[in-house]
Amino acid sequence: MKNMLLAQSGGPSAAINATIAGAVERVLTSGQVDRIYGAVNGIKGVFEERFVDLREPLSSPQQIKRLCHTPAAALGSCRMKLRADDESLFERLIAVFRKYEISYFIYIGGNDSMDTVCKLSRYLKEKGIDDIFVMGAPKTIDNDLMHTDHCPGYGSAAKYIAATFAELRCDCNVYDVPAVTIVEVMGRNAGWLTAASALSRLGGGEGPDAIYLCETVFDPEQFLCDIKERLQKKDALLIAVSEGLRDKNGSYICELSGSSGCDVFGHTQLSGTAKCLEYLVRERIGCKVRSIELSLMQRCASHLASATDLYESRMLGMTAADRCLCGESGRMAVVERVSDEPYRVRYGSADLSGIANEEKKIPLEWIAPQGNDILEPLLTYMKPLILGEEPIEYCGGVPVHGALYDAGDYFSR
């Protein structure tokens with residue numbers, strides 16, 4: 001008997017469940033797998049043997065379609081770091097795989113999740129275990145994974161941000177008094193999401209008056225000069241800022257307020273960048289100013305999901321499953337862009353050794369020299385990723401979402 005195990009990890013998105021759907025679809029047609037397990041709460045759920053059988057909740061096309069349109073991680077998530085020097089952790093994982101006769105494992109997640117798959121793959125190779133295959137499937141709204149043109153979840157989050165900035169622009173233009181609205185967008189070290197605010201200019205919209213990305217050094221004094229200069233030309237300013245803005249000393253702007261901490265991977269937990277800049281503008285310029293933090297909304301807005309994003313996420317799930325069933329291991333499913341117009345891609349895989357613990361940032365040549373806007377090549381890159389709208393199933397005016405298990409409705413032997 002050969003079984004497959006799927007799990008999700010890290011921050012969720014509006015498209016991560018489409019990857020589960022794609023993987024299950026491919027496995028069901030393969031004839032190579034007896035059972036398809038889902039681990040509840042990622043690798044943590046594997047250690048604790050909290051599994052669900054995915055065949056029943058995904059037995060019909062309607063169930064699969066509903067799952068694709070469901071935000072967040074339907075199998076639950078975790079942020080658990082595997083220590084490479086603790087062999088007992090890997091021995092425990094292999095023991096669980098043997099117990100449930102798991103020959104294939106696909107982990108869906110971002111950078112830290114790919115680190116987990118990479119370490120597990122190395123352990124399997126070092127121990128000469130050649131009948132267990134592990135693959136990564138990309139997921140991150142941050143869009144910062146290497147060796148893939150873009151990441152599932154990014155397109156939908158970018159679409160939400162573009163729509164939100166377009167709507168905020170209409171709201172900001174209502175009054176005739178000088179006012180600044182500063183909007184903080186997710187992105188610790190890569191500004192792909194913040195750059196998506198520029199997409200609100202499509203169709204003739206004004207969009208943001210300035211965009212500050214974490215790839216460049218943020219100068220508070222230059223920021224104030226930019227604001228003053230723009231206020232001389234118009235009353236209502238809309239500013240987009242990455243949460244991970246750093247000053248010339250490499251310190252996060254939000255750290256100036258002492259509000260940050262660290263997660264289990266040692267990453268600074270960021271929030272309050274826009275609020276810090278709000279205080280700065282109020283103190284130094286004195287005009288009306290407000291800050292907005294989009295927070296979780298940008299990653300769970302499935303009602304504004306990109307049809308392109310959902311389709312590609314599903315295809316990457318299929319690709320990960322297919323490559324795993326063919327005996328690939330220690331790799332991640334990737335998407336390669338063939339052309340921009342018409343937009344065409346192809347799917348493949350890349351070695352995780354060049355992906356785990358690496359970050360793909362926006363090329364500096366795609367950012368305005370002044371560091372307060374983006375350039376046309378970045379718009380060209382982003383535009384295809386937000387295209388298309390999927391029909392949403394509603395009940396009583398509210399979107400209907402799918403589920404893979406009820407609380408406590410999992411099993412272990």
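## Where α1 meets α11

In this predicted model, the α1 side of one helix contact is made by A18, T19, G22, A23, E25, R26, V27 and S30, and these residues meet L310, S313, R314, G317, M318, A321, D322 and L325 in α11. Sorted by character, the residues of this contact come to 7 nonpolar, 5 polar and 4 charged.

Now for the geometry. Two packed helices are described by the angle between their axes and the distance between the axes. Helix α1 covers residues 16-30 and helix α11 covers residues 307-325; they pack at about 45°, and their axes are 7 Å apart. That angle makes α1 oblique to α11. As for handedness, the crossing of α1 and α11 is right-handed.

## A closer look at α1

How far does α1 reach from its first C-alpha to its last? The answer is 22 Å for its 15 residues, close to the 21 Å expected at 1.5 Å a residue. Just past the end of the helix comes G31, with a positive phi near 70°.

Helix α1 is mostly covered, with 12 of its 15 residues buried. The buried set runs through I16, N17, A18, T19, I20, A21, G22, A23, V24 and E25, and then takes in V27 and S30. Which elements cover these residues? Among them are the strands β1 (3-8), β2 (36-39), β4 (102-109) and β5 (133-138), together with the helices α3 (61-68) and α11.

## L67, a neighbour of α1

Helix α3, part of the cover over α1, is also home to L67. Is L67 buried or exposed? It is buried, because its relative accessible area is 1%.

Setting aside residues up to four places away in sequence, L67 touches N17, I20, A21, L58, A74 and L404. Of these, N17, I20 and A21 are among the buried residues of α1. The contact with L404 bridges a long stretch of chain: L67 and L404 are 337 residues apart in sequence, yet their C-alpha atoms are separated by 8.3 Å.

## The pair α8 and α9

Another helix pair is formed by α8 (residues 220-231) and α9 (residues 273-284), whose axes come within 11 Å and cross at roughly 65°. The crossing of α8 and α9 is right-handed. From α8, the residues P220, E221, F223 and L224 take part, and they meet L277, L280, V281 and R284 in α9. By character, the residues of this contact divide into 6 nonpolar, no polar and 2 charged.

Helix α9 has 12 residues, which should span 16 Å at 1.5 Å a residue, and its end C-alpha atoms are 17 Å apart, so the two values agree. Its buried residues are T273, A274, C276, L277, E278, L280 and V281. Of these, L277, L280 and V281 also take part in the contact with α8. The cover over the buried residues of α9 includes α8 as well as the strands β6 (179-185), β8 (236-242) and β11 (288-293). Just after α9, G286 takes a positive phi of about 85°.

## S121 in α5

Helix α5 (residues 111-126) holds S121. This serine counts as buried because its relative accessibility is 15%, where the cut-off for buried is under 20%. Leaving aside neighbours within four places in sequence, S121 is in contact with V134, S329 and G330.

## Backbone details to check by eye

Most residues other than glycine have a negative phi, and most peptide bonds are trans. With that in mind, a few spots in the loops invite a look. N41 is not a glycine, yet it has a positive phi of about 70°. The place of N41 is the loop between β2 and α2 (42-47), and at 23% relative accessibility N41 counts as partly exposed. S295 is likewise not a glycine and has a positive phi of about 50°. The loop between β11 and α10 (297-300) contains S295, which is partly exposed with a relative accessible area of 27%.

Where is the cis peptide bond? It runs from E341 to P342, with omega near 0°. P342 is found in the loop between β12 (331-339) and β13 (344-351).

How values were computed. Residues are numbered from 1 along each chain as its sequence is written. This is a predicted model: local features need pLDDT of at least 70, side-chain atom pairs count only at pLDDT 80 or more; totals for chains, interfaces and linings use all residues. Side-chain values use heavy atoms; hydrogens and water are left out. Axes are lines fitted to C-alpha atoms, for helices over the stretch in contact, and angles run from 0 to 180 degrees between N-to-C directions. Helices (H or I, at least four residues) and strands (E, at least two) are DSSP runs, numbered from the N terminus. Angles under 35 degrees count as roughly parallel, over 145 as roughly antiparallel, 65 to 115 as roughly perpendicular and the rest as oblique. A crossing is left-handed if the near helix is turned anticlockwise from the far one by less than a right angle, and right-handed if clockwise. Contact means heavy atoms within 4.5 Å. Ala, Val, Leu, Ile, Met, Phe, Trp, Tyr, Cys and Pro count as nonpolar, Asp, Glu, Lys and Arg as charged, and the others, Gly among them, as polar. The expected span of a helix is 1.5 Å times one less than its number of residues. Buried means under 20% relative accessible area, exposed over 50%, partly exposed in between (1.4 Å probe, protein chains only).
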